[in-house]
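Work through the exercises below with the sequence and the model open. Each task is followed by a solution in steps.

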Protein chains: 2
Amino acid sequence: MMKEKLTLIKVGGKIVEEADSLNQLLNDFSDLPGYKILVHGGGRSATKLAAQLGIESKMVNGRRITDAETLNVVTMVYGGLVNKNIVAGLQAKKVNALGLTGVDMDIIRSVKRPVKEIDYGFVGDVEKVNAELLVDLIHKNVVPVLAPLTHDGKGNILNTNADTIAGETAKALAPYFEVTLTYCFEKKGVLEDENDDESVIPEINRKEFQAYVEQGVIQGGMIPKLENAFAAIESGVSKVVITAASSIGKDQGTVIY
Amino acid sequence: MMKEKLTLIKVGGKIVEEADSLNQLLNDFSDLPGYKILVHGGGRSATKLAAQLGIESKMVNGRRITDAETLNVVTMVYGGLVNKNIVAGLQAKKVNALGLTGVDMDIIRSVKRPVKEIDYGFVGDVEKVNAELLVDLIHKNVVPVLAPLTHDGKGNILNTNADTIAGETAKALAPYFEVTLTYCFEKKGVLEDENDDESVIPEINRKEFQAYVEQGVIQGGMIPKLENAFAAIESGVSKVVITAASSIGKDQGTVIY
């Protein structure tokens, strides 16, 4: 049986935290045909609110050290402010959006990251995505908007990387839909030359990826992003695209296959 | 056809904002048999966060004047902090809770309160509750946890009275379920003597209510609460109970019929 298509878009905080780029995103996302999901970040707003409350934001390897106070901040910003404003914006464009965290309907269960060299605090590593209720809702044309929070099933909310949430959710939906997972970021795609924004690599497979890493063409934060992408492909996701938020709905960016 | 029972509990901010009373509530609510919904407030936390951010909280007739900054505060506190902590707590007790605002799935559409003597700002008066998707989820044993926020369909989130949300949601669910609507507050019920906490009026109909109001026995904030309750009964809600949060699941308080 042919599976129906579903597009899962992950956008970073920067896009959803500025009025102009958020509005553009809401327009482009609304215009996407078929079933869809949006996963968003919100780190800049969290850092801003934390600063206003006199809470210092500590980042290690791009991850926020999440003590109890910081957990409240991200719960308010990701689960409340950013999520509900996106949902209200989509509703105004007749998209039947539903704001969710992984806590809701037990959609994403995680485990608190074990303390090794670094104690990340209330940070979760995804353990399981429960897709059934999500699938039902999607079939009713509900459009989930997922904030990067999960829970441990023992009452603790856990701050969780939005890229990981996007990847794990895409994998969990792959048995039900033909899933395209799109990671939006600042550049137009994976670049062959980091100083040339137009040097987008149009397609890449794992073998090519490894060669690029060995040559030092692909480095830094792009490596875990692509590792996530290949893991998704290897778990049944049909297509992963890395592109700019302004390219949503256009056939642009780097396709991971 | 016999309709199945559904219990809708409305709790004020005080109950959900203190660890002990919240824990008691989560236990009592989890133990309730059958279909259920929780509607919560969060005003004290909103006032506290606003103060920390240097935003003055202005109340008129018990309603919060909601300017743009205050709207962000209540969106964070009601939709994020309070809502998601309740949901995580219920999930830990194996209740499949789903945190919602009226914005999500267009559940509660409202209109911005017209400016007369007072400009309440981003405050909504409920216009319509869309129950269909909620009913589907409830039948799948999902337990909605509703924060007091709605939207106008034009992209604006609106701060909305939680008692009204509870009443309007109960009415919208009445065609599908035999609904008991329980308003929890500080007292054990409607009191015949405000200085005697044990003087609970066990049952009250509209005629008796009017007589009590004329005698001055029922006054102040209890009058709109009871008006809401009678409106719910007259719109098909089976039973309305006014009681203490500590009496959830017990056959106590004042029954409006």
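**Exercise 1. Describe the sheet of chain B and find its edges.**

Step 1. Chain B holds an open sheet of eight strands in the order β5-β8-β2-β1-β11-β13-β14-β12, and its pairing is mixed. Strands are DSSP runs of E with at least two residues, helices are runs of H or I with at least four, and both are numbered from the N terminus. Two strands pair if DSSP finds at least two bridges between them.

Step 2. β5 (97–100) and β12 (203–204) of chain B each have a single partner strand and stand at the edges, so one side of each has no neighbour in the sheet.

Step 3. β5(B) pairs with strand β8 (residues 143–146) of chain B in the parallel sense, over four bridges. L98(B) has P144(B) as its bridge partner in β8(B).

Step 4. Helix α6 (residues 162–173) of chain B lies across β1 (4–11), β2 (35–40), β8 and β11 (177–185) of chain B, and runs at about 170° to β11(B). Axes are lines fitted to C-alpha atoms, for helices over the stretch in contact, and angles between N-to-C directions run from 0 to 180 degrees.

A note on the source: this is a predicted model, in which local features need pLDDT of at least 70 and side-chain atom pairs count only at pLDDT 80 or more, while totals for chains, interfaces and linings use all residues. Residues are numbered from 1 along each chain as its sequence is written, chains are lettered from A and ligands numbered from 1 in the order in which they are written, and side-chain values use heavy atoms, with hydrogens and water left out.

**Exercise 2. Classify the packing of α7(B) on α8(B).**

Step 1. Helix α7 (residues 206–215) of chain B and helix α8 (residues 222–234) of chain B pack at about 165°, with axes 11 Å apart.

Step 2. α7(B) and α8(B) are therefore roughly antiparallel. The classes are roughly parallel under 35 degrees, roughly antiparallel over 145, roughly perpendicular from 65 to 115, and oblique for the rest.

Step 3. α7(B) passes α8(B) in a left-handed crossing. A crossing is left-handed if the near helix is turned anticlockwise from the far one by less than a right angle, and right-handed if clockwise.

Step 4. R206(B), F209(B) and V213(B) of α7(B) meet I223(B), L226(B), E227(B), F230(B), A231(B) and E234(B) of α8(B). Contact means heavy atoms within 4.5 Å.

Step 5. The residues of this contact are six nonpolar, no polar and three charged. Nonpolar covers Ala, Val, Leu, Ile, Met, Phe, Trp, Tyr, Cys and Pro; charged covers Asp, Glu, Lys and Arg; the others, Gly among them, are polar.

**Exercise 3. Do the same for α3(B) and α4(B).**

Step 1. The axes of helix α3 (residues 43–52) and helix α4 (residues 68–92) of chain B come within 9 Å and cross at roughly 130°.

Step 2. α3(B) and α4(B) are therefore oblique to each other, and α3(B) passes α4(B) in a right-handed crossing.

Step 3. The contact residues include L49(B) of α3(B) and Y78(B) of α4(B). By class, this contact has nine nonpolar, two polar and no charged residues.

**Exercise 4. How much area do chain A and chain B bury between them?**

Step 1. In all, 36 residues of chain A are in contact with 37 residues of chain B.

Step 2. The two chains bury about 3,000 Å² between them, 68% of it on carbon and sulfur atoms. Buried area is the accessible area (1.4 Å probe) that two parts lose on being put together, summed over both.

Step 3. In chain A, M76(A), K84(A) and M105(A) lose the most area to chain B, together 18% of what that side buries.
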